[in-house]
Amino acid sequence: MPFATAWCVALDGAVGHLIDVQTDVSVGQPTTVVVGRADALLREGVDRVRMALINSDLRWPATKRCTVLFSPADLRKSGTHFDLAMAVSLLAADGQLESAWLDRTAFIGELTLAGGLRPALGVLPMALAAAAGGARRLYVPEPQVGEAMLVPDLEVIGVRSLGQVVASLGGDEPPAAPPVAAATGLRLVTWRGDERLDELDLADLRGLAEEKYAVEVAAAGGHPVQLSGPKGCGKTSLAERLPTILPDLTPEESLELTALHSLAGALDPGHGMLVRPPFAAPHHDASKVSVVGGGSGRVQPGEISRAHCGVLFLDEFPLFRSDVIEALRQPLENGDITVARRDESVTLPAGGILVLASNPCPCGNFTRAARSNRCTCAETVRRAYRARMSGPIVDRIDIVRHVQPASPASHDPFCPVESSADVRERVAAARRRQEERFAGRSWRLNAHIPSPRLKDTWPLPSEAQHLVDAELLGGRLSARGAVRVHRLALTVADLRSVRAGRDIGPDVDEVRTALRLRSGRALDLAMFQPRPDAEGVA
């Protein structure tokens, strides 16, 4: 039969599309034609496939006309992972393989000239798309078997070479082949990296009671945070410990995040599914593409997507480039980021907790107290530095804290300090309440509730709403800020319910706490405790 079809997957951001790689081998002028919106990188695959076949002792139809169609033809395709599907489709069309052997089978892998297989980026989202499209068997490079096997009800076969694929399809003994390289580069420097964060605990920090409560609220409801204060006051220490009070990822979050890291090429094949919330802290000199995603060729996730379901920490935020700062508007509002180009528009998840940290001035020493102020910056310099905190960005921040260095008097040595594990239990319990509240809906946390649903389904009591309206009419809150205070009040109520062991709905005290959290004003520590006479329903 001069015609055959093999399956592969094209990636559009984090979304995969099952592709028919159709090949026709017939009499005509000897040439190979590739059609179906294949980019230059994919067209080069014809030469890789030709030499891989020849060097694997397989026949290349040099005297015939070969037409390769990537269908659907109107979908843009890019990448080298189509090589294997192209090769087996051509072999089947040329009669060297039975076309029936390719039924409900997808093939992923880049071919070398010797016929070996190299790993491809994004195997997990491609495996998910293949299974959703009806594939029951998947061939992948050997090092990525564990990654692809995370997809249920899909038979995954790891291979080292094209020869092994052909033998496996025909039921023969696979020939020997050298091991496939597990990575494209070598690590020349060994460093502790994220392992350092595993040793951190909230109990390491003395004092900072209000700030610890603020990050607990942020963790419970997924609210963005802004920390400001002089250098060395504990902003970075708080941000680095925020992941330690987040609960483990749910199975859905774990699969989604693992797929994003696979797409970005940042997934260690030996570690399997990601189960802990990630922490990303790009340098303030990072480009817009590295933070929000993009790149040449196929769009890849940026740091904001790799921190999905975790924490993205932007230290020295006013020093980031203006285009990076302004690009945060959409993810702060919607929980995702859309990278639009002439030929494609890709939407990636970006639902992590954003933590912004800034000094009061470039030198980091400015304080309002004249005796302790050691700032050497001119007032014009300080104003210009603060002006880089874009107004629309600040309006999208739920919690603002002005951190001051903890004094020895702020810590009672006889008072036990809560560990991250203690706080994480409350955060997990508060999130379980939200999971029950939002059952059957598309969002999971209070910070993600759409404004219309918030007002219609979970309205504030009239007296509590009057407090918000007074701030709104006084110009101290924008309409967006009023919605965010409402969401914060829900989270405060959830945490108080956990402490009390019964349902407490958001009321006047919760709204007051939410207003103080948003404005940066000092908190009443008594508000952290449950109301003894509260009656409400979450």
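## A tour of the predicted model

Start by selecting Cys233, a buried residue with a relative accessible area of 4%. The structure on screen is a predicted model. Now select Cys375 and display the cysteine sulfurs: Cys375 is in no disulfide, and the nearest cysteine sulfur, that of Cys361, is 3.5 Å away. A disulfide is counted where two cysteine sulfur atoms lie within 2.5 Å, so 3.5 Å does not qualify. Cys375 is also buried, at 17% relative accessible area.

How many disulfides does the count give? The count is zero. Return to Cys233, which is likewise in no disulfide: its nearest cysteine sulfur also belongs to Cys361, at a distance of 12 Å.

**The whole chain**

Zoom out and colour by secondary structure. The chain has 20 helices and 16 strands. Its C-alpha trace spans about 85 × 55 × 45 Å along the principal axes. Of the 538 residues, 51% count as buried. Consider contacts between residues at least 6 apart in sequence: 74% of them join residues at least 24 apart.

**Backbone stops from the N terminus**

Select Arg37, in the loop between strand S3 (31-35) and helix H1 (40-43). Its phi is near 55°, a positive value in a residue other than glycine. For comparison, most residues other than glycine have a negative phi, and most peptide bonds are trans. Is Arg37 buried or partly exposed? Arg37 counts as partly exposed, because its relative accessibility is 38%.

Move along to Ser71 and Pro72, which are joined by a cis peptide bond with omega of about 10°. Pro72 sits in the loop between strand S4 (65-71) and helix H3.

Next, select H3 itself, residues 83-93, and show a surface. This helix is mostly covered, with 11 of its 11 residues buried. The buried set runs from Asp83 and Leu84 at one end to Ala92 and Ala93 at the other, and includes Met86, Ser89 and Leu91. Just after H3, look at Gly95, where phi is positive at about 85°.

The next stop is Cys309, in the loop between helix H11 (303-306) and strand S12 (311-314). Cys309 is not a glycine, yet its phi is positive, at about 70°. Is Cys309 buried or exposed? With a relative accessibility of 12%, Cys309 counts as buried.

**Gln226 and its surroundings**

Select Gln226, which is found in strand S10 (residues 225-228). Gln226 is buried, at 10% relative accessible area. Which residues does Gln226 contact, leaving aside neighbours within four places in sequence? The contacts are Leu356, Ser358, Met389, Val394, Ile397, Ile399, Val400 and Arg401. Then put a distance label between the C-alpha atoms of Gln226 and Leu523: the two residues are 297 apart along the chain, and the label should read 16 Å.

**Helices H18, H19 and H20**

Finish with three helices, starting with H18 (residues 462-473) and H20. Their axes come within 8 Å and cross at roughly 25°. That angle is why H18 is described as roughly parallel to H20. The crossing is right-handed. To see the contact, show Glu463, Ala464, Leu467, Val468 and Glu471 on H18, with Val508, Val511, Arg512 and Leu515 on H20. Sorted by class, the contact of H18 with H20 has six nonpolar, no polar and three charged residues.

Keep H20 (residues 508-519) and add H19 (residues 479-500). The axes of H19 and H20 come within 8 Å and cross at roughly 120°. H19 and H20 are therefore oblique to each other. Their crossing is right-handed. On the H19 side, select Gly481, Arg484, Val485, Leu488, Ala489, Val492, Ala493 and Arg496. These meet Asp509, Glu510, Val511, Thr513, Ala514, Leu515, Leu517 and Arg518 in H20. The residues of this contact divide into nine nonpolar, two polar and five charged.

As a last view, highlight Val511 and Leu515 of H20: both are in the contact with H18, and both are in the contact with H19.

How values were computed:
Residues are numbered from 1 along each chain as its sequence is written. This is a predicted model: local features need pLDDT of at least 70, side-chain atom pairs count only at pLDDT 80 or more; totals for chains, interfaces and linings use all residues. Side-chain values use heavy atoms; hydrogens and water are left out. Buried means under 20% relative accessible area, exposed over 50%, partly exposed in between (1.4 Å probe, protein chains only). Axes are lines fitted to C-alpha atoms, for helices over the stretch in contact, and angles run from 0 to 180 degrees between N-to-C directions. Helices (H or I, at least four residues) and strands (E, at least two) are DSSP runs, numbered from the N terminus. Angles under 35 degrees count as roughly parallel, over 145 as roughly antiparallel, 65 to 115 as roughly perpendicular and the rest as oblique. A crossing is left-handed if the near helix is turned anticlockwise from the far one by less than a right angle, and right-handed if clockwise. Contact means heavy atoms within 4.5 Å. Ala, Val, Leu, Ile, Met, Phe, Trp, Tyr, Cys and Pro count as nonpolar, Asp, Glu, Lys and Arg as charged, and the others, Gly among them, as polar.
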